[in-house]
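Q: I am new to this structure, so please pick one part and take me through it closely.

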Amino acid sequence: MLINILRPYILGFVSIFIALDIIGNIPLFITLTEKLSHKQKRKVIQESILYIILTAVILILIAR
């Protein structure tokens with residue numbers, strides 16, 4: 001019952017958290033990958049996107 005009341009807030013928080021986290025981590029990403037080749041950076045970005053999507057889906061399913 002309480003989860004039904006909090007559901008919109010949880011989903012909103014997750015969406016905002018994921019969106020803001022990506023923007024906030026750009027300087028960190030640039031610093032940590034400055035010595036990597038273009039190909040290696042692309043692989044890191046692809047893996048990061050995969051993990052972000054998986055995390056978002058899991059959190060949405062939990063909030064359901």
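A: Let us look at one helix and what lies around it.

This is a predicted model, in which local features need pLDDT of at least 70 and side-chain atom pairs pLDDT 80 or more, while totals for chains, interfaces and linings use all residues. Numbering starts from 1 along each chain, and side-chain values use heavy atoms, without hydrogens or water.

Helix H3 spans residues 38-63 and includes Leu59 (helices are DSSP runs of H or I, at least four residues). Leu59 is partly exposed, because its relative accessible area is 32% (buried is under 20%, exposed over 50%, partly exposed in between, with a 1.4 Å probe). Leu59 belongs to a nonpolar surface patch with Leu50, Tyr51, Leu54, Ile58 and Ile62, together offering about 590 Å² of accessible area (patch residues have over 30% relative accessible area and no salt bridge, with nonpolar side chains joined within 5 Å and like charges within 9 Å; a salt bridge is a Lys or Arg side-chain nitrogen within 4 Å of an Asp or Glu carboxyl oxygen; areas are Shrake-Rupley, 1.4 Å probe).

In the loop between helix H2 (26-32) and H3 sits Thr33. Thr33 is buried because its relative accessibility is 5%. Beyond its neighbours within four places in sequence, Thr33 is in contact with Lys41 and Val44 (heavy atoms within 4.5 Å).

H3 also gives the largest pocket the largest share of its lining, six residues (a pocket is an open set of 1 Å grid points where a 1.4 Å probe fits, with protein on both sides within 12 Å along at least five of seven lines; lining residues have an atom within 4 Å of a point). H1 (2-24), H2 and H3 each supply at least two lining residues.
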